[in-house]
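Q: Could you pick one part of this model and take me through it closely? I'd like a connected story that I can follow with the structure open.

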Amino acid sequence: MSTIKQQITEINQRFNELITAANDADALEKIRIDFLGRKGKLTDLMQALKALSQDEKRDIGPLLNNLKVELEALYSKKKIELESNQYQQEAESKSNFDVTSYMPNTLRGSLHPYTYITEIIENVFITMGYEIADGPEMEKEFYNFEALNIPSDHPARDMQDTIWLEMPQMLMRTHTSSVQIHTMQNTKPPLAIVAPGRAYRFEATDASHDYVFKQCEGLLVGKDISMANLLATTKTFLQAIFEKEELVLRVRPGYFPFVEPGIEIDIQCIFCKKGCSTCKQSRWIECMGAGLVNPHVLSHCNIDSLEYSGFAFGFGLTRLAMLKYGINDIRMLHNNSVEFLEQF
Ligand code: FA5
């Protein structure tokens, strides 16, 4: 019994020494575990109490309880003391914080190339009087296909592999052309919008294709709108994006059920004079699909196709960003590599 009393004194003494010396939260936690924890010295003594006689328990029990209360009180006091010291230190360091001081070699954030190119495009079109429009990425089949003159039995549905959702007639939009319909349903002509946004396709990825990519839709509806307006608009914004006055366009027939006639517009390669890997030696870079809005589409949106006409275009914003910034693999745009993003 005298050994237990001796141990109580020793533990008390040692605990006091250690707690006085402890100067951070880690040291304090170690003391707590060693003395007050489930396998700590105090618990060991409590266990030893069980083996004592009733008389001895009556004698030693209160001593042990007192020790426990005392140690726990010392521990709590020290904890509060350390926490308030730390708080004071932090407050002091913040009170001397100089917002103007220069920090060399820190990692700085930058805008994603998508953000840059989207801003450029939006600015160009805003200066031409366009508004920026938006639409849902989870879309009804109606807006993505039917209203765009692509009924369910139309072969053109196969031109865009669709990611269907587990909800009736719902899909991830395959193109931003769906925004045309939302806009025409909600706005009376004359109207002019551009809608940059994500599109999704059930496609294998490679250096120039991804299953999620950015497109930008353009739509202008008014009176006497012609192909000449479309080509002038296209040339103006491509000149602004590539900062090149002497841009040469090539127009080819193209088929999209929502425009009639439909065209595809290429630009003469801005990177070479004789053929390079970007233009695949052809001197032409495919840029966008476009055309005059099909009167069926106007009628679907309750716009009188005898009074109004319009043009629409849709281009791969991702592809444009790749051309502008010389990015040769589309997957770089989504893999969050800091090394890649730091360049912008
Ligand atoms: C369309 O999506 C039409 N909605 C464009 C349009 C709008 C035509 C208005 C007429 C009037 P297309 O499927 O060709 O067309 O896609 C347009 C552009 O999106 C392509 O030129 C390409 O740059 C880009 N694109 C298509 N699929 C992918 C993909 N998997 N990864 C990256 N970019 C893609």
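A: Let's agree on one term before we start: two strands count as paired if DSSP finds at least two bridges between them. Also keep in mind that this is a predicted model.

The part I'd pick is the seven-stranded sheet. It is open, and its strands come in the order β1-β5-β6-β10-β9-β8-β7, with mixed pairing. The edges are taken by β1 (131-132) and β7 (249-253); each has a single partner strand, so one side of each is left without a neighbour in the sheet. As a bit of background, strands of a sheet pair through backbone hydrogen bonds, either parallel or antiparallel.

Zoom in on β5 and β6. Strand β5 covers residues 191-200 and strand β6 residues 212-222; the two run antiparallel and are joined by 10 bridges. If you want one pair to click on, G197 has Q215 of β6 as its bridge partner. Packed on the sheet here is helix α7 (residues 178-186), which touches β5, β6 and β10 (309-316). The direction of α7 makes about 145 degrees with that of β5. Helix α8 (residues 227-242) packs on the sheet as well, and its list of touched strands is β7, β8 (259-268), β9 (284-293) and β10. Its direction makes about 30 degrees with that of β8.

Hang on to Q215, as it takes us to the ligand. There are 23 residues around the ligand, and the closest are H175, S177, R201, D210 and Q215. So what do the side chains do there? Q215 has a polar side-chain atom 3.1 Å from an oxygen atom of the ligand. For E203, a polar side-chain atom sits 3.1 Å from a nitrogen atom of the ligand. In the side chain of S177, an N or O atom is 2.8 Å from a ligand nitrogen atom. As for how covered the ligand is, it exposes 680 Å² when taken alone, and the protein buries 92% of that.

Now follow the sheet over to β8, where you'll find D266. D266 counts as buried because its relative accessibility is 2%, and the cut-off for buried is under 20%. Its side chain makes a polar contact with the side chain of R252, at 2.8 Å. If you skip its neighbours within four places in sequence, D266 is in contact with V248, L249, R250, R252, W284, I285, E286 and C287. P261 lies in β8 too, and the peptide bond joining E260 to P261 is cis, with omega about -5 degrees. There is another cis peptide bond between P189 and P190, with omega about 5 degrees; P190 sits in the loop between α7 and β5.

The loop between β7 and β8 deserves a stop, too. P257 has its place there, and at 4% relative accessibility it counts as buried. P257 and V293 are 36 residues apart in sequence, yet their C-alpha atoms are 9.4 Å apart in space. Beyond its neighbours within four places in sequence, P257 is in contact with L148, N149, I150, H154, A156 and N294.

Of those, N149 is a fun one to look up. It belongs to the loop between α6 (141-144) and β3, and its phi is near 70 degrees, a positive value in a residue other than glycine. With a relative accessible area of 21%, N149 is partly exposed.

Mentioning β3 brings in another open sheet, with three strands in the order β2-β4-β3 and antiparallel pairing. Its edges are β2 (138-140) and β3 (163-164), each with a single partner strand, so one side of each has no neighbour in the sheet. Three bridges link β2 to strand β4 (residues 170-172) in the antiparallel sense, and one pair to look for is K140 with its partner M170 in β4. In the loop between β3 and β4 lies Q169, which is not a glycine but has a positive phi of about 55 degrees. Q169 counts as exposed, at 54% relative accessibility.

How values were computed
Residues numbered from 1 in each chain as written. Predicted model: local features only at pLDDT ≥ 70, side-chain atom pairs only at ≥ 80, totals over all residues. Heavy atoms only, no water. Helix = DSSP H or I, 4+ residues; strand = E, 2+ residues; numbered from the N terminus. Contact = heavy atoms within 4.5 Å. Axes fitted to C-alpha atoms, helices over the stretch in contact; angles between N-to-C directions. Near = heavy atom within 4 Å. Polar contact = N/O pair within 3.5 Å; in protein donor to acceptor, adjacent residues only side chain to side chain. Areas by Shrake-Rupley, 256 points an atom, 1.4 Å probe, with all protein chains shown as cover. Buried < 20%, exposed > 50% of the residue type's maximum accessible area, 1.4 Å probe, protein only.
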